[in-house]
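Let's take a walk through a protein model, one corner at a time. Have the structure open and follow along.

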Amino acid sequence: MNIEVDKLFQQQLGEWPLAAKNFNALSEVKTKEVSVNGVHYRVQFNPARIVSSAAKVDSASIQARKCFLCATNRPIEQKGINYKQYVILLNPFPIFPRHLTIPDINHVDQKIEGRICDMLDLAKKIDDYVLFYNGPKCGASAPDHMHFQAGNKGFLCIEKDVTNIPLEKLKEYKSAKLFLLNDNPRNSLIIKGTTSEDINELFNQIYHTLPVQEGESEPMMNLIAWYDKDEWTLILLLRKKHRPNAFFAKGENKLTISPASVDLGGVFITPLEIDFNKVNEKQILEIVSEVSMSKEEIINLLKK
C-alpha cells in the first residue's frame, strides 16, 4: 500500500492548492535542536499548525462546528484511499514531509479501546510510516471523530531513542514484551512483539489499570507505533494533563504549545515564531514533566 499512498500524494499535491502550499512550506520551516536530560528533541516553527495547537476542544466548541473529518464536510479536493473501516487522507496542515490522517468512515468518538489491532495492521500495511494516536484530551483536534495519523519514518526523535537509550524490561506476555524507556521526564512505555494479538492483550492489561479522569471516556495517553523487520513497536506516552500552564499564561510566560504524540515523540511544534525563539531545555523539561506521568506513578500503577 506504500505505492498507493505515494500515488495519492502525487495526485493531491497536483490538484489541491492548499495542501501543495503547506507541504511546500515545510522546506522553509525553522528548526533547532535541544537536549533535555541528555535526550534529543527538535523544535519546529510551523505557523500552519496553529489550526491544531490552538484548537478549541471543549464540548460547546465541538458541537458548534462541523466535523472536518466526516466525508460530507471535507474539502472537495481531498481524496483518499479506503482501507477496511478507515480512509487514508493527506493532512493539509503537515508536520512531516509525508503526513496522513486516517479517520474512521463513521462519526464516532476518539477512543482507542478495541482499535490497537487496527493501528498495528495499518502500521504494517504502510510500513514506510509511523502511526500515532492522540487521545481526546491529549492533542486531538477532532476528539469527536476517531482517527489515527501517520508520518514518514525517520522524522520523530523517539524512533532512535528506542534503540539508543537503555530499556528496562517490566513484563512479558507470550510474544509481547513491555519495557520502560529511561527517558525521564517522558517515561515512555514500550511494547515490542511479533503478534498483534499478544501486543493488544498486553496493552489492554495496562489500559484497564490506568485511571480515567472525571468526565473523560478513557485514560489520557498518546500512542506511536511502527512495523519493522517482522516486529511491531508500540509506544505508550501516559498523560495526566492536557495542556501545560504555559499555554494559558499571559505575557512573556505564555507558550502556545499543546503537546501531542509528535511533541512527546521528540519534535516540539511551535506555531508562533516568538515561542520558537523562547523555547529551551528548561521549558521543554517543565512542559513534559507537567503533562506526563512520573516514573513512580507508572510503576505503582503497573504493580496492580
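## Salt bridges across the chain

Let's begin with charged partners: the count comes to 15 salt bridges. Keep in mind that this is a predicted model. One of the bridges pairs Asp 121 with Lys 84, and their closest N and O atoms are 3.1 Å apart. These two come from distant parts of the chain, 37 residues apart: Asp 121 is in helix α5, while Lys 84 is in the loop between β3 (80–83) and β4 (86–90). How open to the outside are they? Asp 121 is partly exposed, because its relative accessible area is 23%. Lys 84 has 65% relative accessibility, so this residue counts as exposed.

Now hop over to Glu 297, which forms a salt bridge with Lys 240; here the closest N and O atoms are 3.6 Å apart. This pair also links distant parts of the chain, with Glu 297 in helix α12 (residues 295–302) and Lys 240 in the loop between β12 (231–238) and α8 (245–248), 57 residues apart. Glu 297 counts as partly exposed at 33% relative accessibility, and Lys 240 is partly exposed too, with a relative accessible area of 35%.

## A second bridge from that loop

Stay in the loop between β12 and α8, where you'll also find Lys 241. Which residue does the side chain of Lys 241 meet in a salt bridge? The partner is Glu 290, and the N to O distance is 2.4 Å. Glu 290 lies in helix α11 (residues 281–291), so this bridge ties together parts that are 49 residues apart in sequence.

Both ends of the bridge are partly exposed: the relative accessible area is 25% for Lys 241 and 22% for Glu 290. Salt bridges can also join up into a network, as they do for Asp 161, Asp 183 and Arg 186.

## Where two helices cross

Time for some helix geometry. Two packed helices are described by the angle between their axes and the distance between the axes. Take helix α5 (residues 116–125) and helix α7 (residues 196–207): their axes come within 9 Å and cross at roughly 140 degrees. Why is this pair called oblique? Angles over 145 degrees count as roughly antiparallel and 65 to 115 as roughly perpendicular, so an angle of roughly 140 degrees falls in the oblique group. The crossing of α5 past α7 is right-handed.

Who does the touching? From α5 come Ile 116, Cys 117 and Leu 120, and from α7 come Ser 196, Ile 199, Asn 200 and Phe 203. Sort the residues of this contact by type and you get five nonpolar, two polar and no charged.

## Two residues of α7 up close

Let's zoom in on Phe 203, which lies in helix α7. Is Phe 203 buried or exposed? With a relative accessible area of 0%, Phe 203 is buried. If you leave aside neighbours within four places in sequence, Phe 203 is in contact with Ile 112, Ile 116, Ile 191, Met 221, Leu 223, Leu 234 and Leu 236. Have a look at Ile 116 in that list: along the chain, Ile 116 and Phe 203 are 87 residues apart, yet their C-alpha atoms are separated by 8.1 Å.

Asn 200 also has its place in helix α7. Its relative accessible area is 18%, so Asn 200 counts as buried, the cut-off being under 20%. Not counting residues up to four places away in sequence, Asn 200 touches Ile 116 and Cys 117.

## Some backbone oddities

Finally, a look at the backbone. Most residues other than glycine have a negative phi, and most peptide bonds are trans. With that in mind, check the bond joining Asn 184 and Pro 185: this peptide bond is cis, with omega at about 15 degrees. Pro 185 is in the loop between β9 (176–181) and β10 (189–193).

Next, try Lys 174, where phi is positive, near 50 degrees. Lys 174 is in the loop between β8 (167–173) and β9, and is exposed, with a relative accessible area of 61%. Asp 230 has a positive phi as well, near 65 degrees. You'll find Asp 230 in the loop between β11 (221–228) and β12, and at 56% relative accessibility Asp 230 counts as exposed.

Technical notes: Residues are numbered from 1 along each chain as its sequence is written. This is a predicted model: local features need pLDDT of at least 70, side-chain atom pairs count only at pLDDT 80 or more; totals for chains, interfaces and linings use all residues. Side-chain values use heavy atoms; hydrogens and water are left out. Axes are lines fitted to C-alpha atoms, for helices over the stretch in contact, and angles run from 0 to 180 degrees between N-to-C directions. Helices (H or I, at least four residues) and strands (E, at least two) are DSSP runs, numbered from the N terminus. A crossing is left-handed if the near helix is turned anticlockwise from the far one by less than a right angle, and right-handed if clockwise. Contact means heavy atoms within 4.5 Å. Ala, Val, Leu, Ile, Met, Phe, Trp, Tyr, Cys and Pro count as nonpolar, Asp, Glu, Lys and Arg as charged, and the others, Gly among them, as polar. Buried means under 20% relative accessible area, exposed over 50%, partly exposed in between (1.4 Å probe, protein chains only). A salt bridge is a side-chain nitrogen of Lys or Arg within 4 Å of a carboxyl oxygen of Asp or Glu.
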